[in-house]
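Me: I've got a model open and would like to talk through a few details of it. Mind if I fire off some questions?

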Amino acid sequence: MARTALITGITGQDGSYLAELLLEKGYDVHGIKRRASQFNTQRIDHLYRDPHANHVAMRLHYGDLTDTSNLTRILNDVRPDEVYNLGAQSHVAVSFEAPEYTADVDAIGTLRLLEAIRFLGLEGKTRFYQASTSELYGLVQQVPQGETTPFYPRSPYAVAKLYAYWITVNYREAYGLYACNGILFNHESPRRGETFVTRKVTRALCNIAQGLESCLFLGNIDSLRDWGHARDYVRMQWMMLQQDEPEDFVIATGRQYSVRQFITWAAAELGLELEFSGKGVDEIATVAAVCGDQAPALRRGDVIMRIDPRYFRPAEVETLLGDPDKAKRKLGWEPTVTVREICAEMIAEDLRTARRHALLKAHGMDFPVCVED
Ligand code: NDP
Ligand code: GDR
C-alpha cells in the first residue's frame, strides 16, 4: 500500500518541490489549495493528472487553514500517514500589515490541524511536520543559531510561528503525537514567490536587462541571510518524519551573505558589473561595465537600483546564520547547492521569461509587467 501524505501550502514554493519528492517516492499525495479568482496552481501544474484517470497519485482539495471544519473533514477523508504543514501567510513585511490574519493562519491554523488529528483519533497513525523558521531567532542571542538558541521574534509573522512551534512541541509531549519542527533558514529557487528579496532581485534585473523595467527598488540591502535551495530543504522535511523518534532540527547552510552581495552576483550572471554609491536611503547601484549580450537594454552609467524606505520593516531581522550540525550528524543531511549556484539558476529561469516577454513586446504585443513589491 502506498503511503499517503497531506500537504498544506502545496501550491507554494516548498509545497511544489515536496509534492514532486513524495510522488517520486511512490506516495499518494493530497494537497490543500485555496479558492482563488484565477488559477493558482502554476507551480504544480506539471504534476497534475486528469482526476478521471485510473490511478491518480496527486489530488487537490479546496480548503483553508482558517476553516476548522474543512480541515477536519479533509483529514478524516484522507487519513494521511504524514501531514506537512507548509501553508502560511509567509511574508514577513505583509505580516505587519495583516497581523491578525497572519496569526489566524500561521498560529491557530497549526493548532486546528493538530486538534483535528487528535479529535479524529489519528495520533497513533499520522506524523506531523511543522514549517518553523529562522525568523524565530529574530534579534539574535547567539551566533550561529542552533536548536537550543533562545528565540526573540521580531514580526507578527515570527510571533505567530513561535506559537506554532510551541504548540507542535506541546502536542508531542502531551499526547505522544509524532510531531516535529523544521527550523528552516531562508531557502530559494526559481519558484520563489516574486516578492521575496532574492526573486525580486533576479526577476527585476532580468526585466531591466531586457528593457521591460527601468529600476529596482529595495529596502535594507545590508541585512544578512543564510540562503539554501528549496529542493535540498524539502528533502530534509521528509527525512525528519522517517526517524524512530520525533525531534526538531535546524536546516541551514552555515554560510551568510548580504542582500547587496546577492544583487552583485545576480548582476554578474547578466554580465553586469555594479558600483554602489551614496549612503542610507540615497544609496544607488550603477552599471560600471557591461559584457556579453544578456543585457541589451543597459549602458555604463545606468542606475538600476535605488532604496525605497517603504520596504524597510518596522522591526528588522538584521542577521541570521544557522548551525546545521545536528541535521548533518543525525540524519546525514548536507546542502548540495550554494547560494551562488541558486542565484545562477534563478537568473537563467527569469532571463528566459524576460526574453520571451521582450520578444512579444518587440512584435507589438505589449503587456503590463507587474513590479509591485
Ligand atoms: P509560499 O509563500 O511560497 O507558500 C505558502 C503556501 O501557503 C501557498 O500554497 C499558499 O497558497 C498557502 N496558504 C497561504 N495562506 C493560506 C491559508 N489561509 N490557508 C491555506 N493555505 C494557505 O511559502 P514557502 O513555500 O516559501 O514556505 C513554506 C512554509 O515554510 C511556510 O509556512 C513558510 O512560512 C515556511 N518557511 C519558509 C522559508 C523559506 O525561506 N521559504 C523558511 C522558513 C519557513 P496560495 O498559493 O494560494 O497563496
Ligand atoms: P525574510 O525574506 O523576511 O527573511 O523571510 P525576504 O526575502 O522577504 O527578506 C530578506 C531580507 O531582505 C530585506 N529586503 C527586502 N525584502 C523584501 N521582501 N523586499 C525588498 O524589497 C527588500 N529589500 C530588502 C528584508 O528586509 C530582509 O532583511 C523569508 C520568508 O520566506 C519567511 O516565510 C521565512 O520564514 C524566512 O525567510 C526564513
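Me: Which residue follows α5, and what is its phi near?
Reply: Keep in mind that this is a predicted model. Helix α5 covers residues 156–175, and Gly-176 follows it. The phi of Gly-176 is positive, near 70°.

Me: How far apart are the end C-alpha atoms of α5, given its 20 residues?
Reply: Take 1.5 Å times one less than the number of residues. For the 20 residues of α5 that gives an expected span of 28 Å, and the model agrees. The end C-alpha atoms are apart by 28 Å.

Me: What about α6, how many of its residues are buried?
Reply: Buried here takes 20 or more other C-beta atoms within 10 Å. α6 runs over 197–209 and gives two or more residues to the shell around ligand 2. The helix is mostly covered, and the buried count is 13 of 13.

Me: Which residue just after α6 takes a positive phi?
Reply: The angle is about 80°. The residue is Gly-211.

Me: Is Arg-79 buried or exposed?
Reply: Arg-79 sits in the loop between α2 and β4, and has a positive phi of about 45° although it is not a glycine. The cut-off for exposed is 12 or fewer other C-beta atoms within 10 Å. Arg-79 has 12, so it counts as exposed.

Me: Which peptide bond is cis?
Reply: Most peptide bonds are trans. Here, look in the loop between β5 and α5, where Pro-144 lies. With omega near -10°, the cis bond is the one from Val-143 to Pro-144.

Terms used: Residues are numbered from 1 along each chain as its sequence is written. Chains are lettered from A and ligands numbered from 1 in the order in which they are written. This is a predicted model: local features need pLDDT of at least 70, side-chain atom pairs count only at pLDDT 80 or more; totals for chains, interfaces and linings use all residues. Helices (H or I, at least four residues) and strands (E, at least two) are DSSP runs, numbered from the N terminus.
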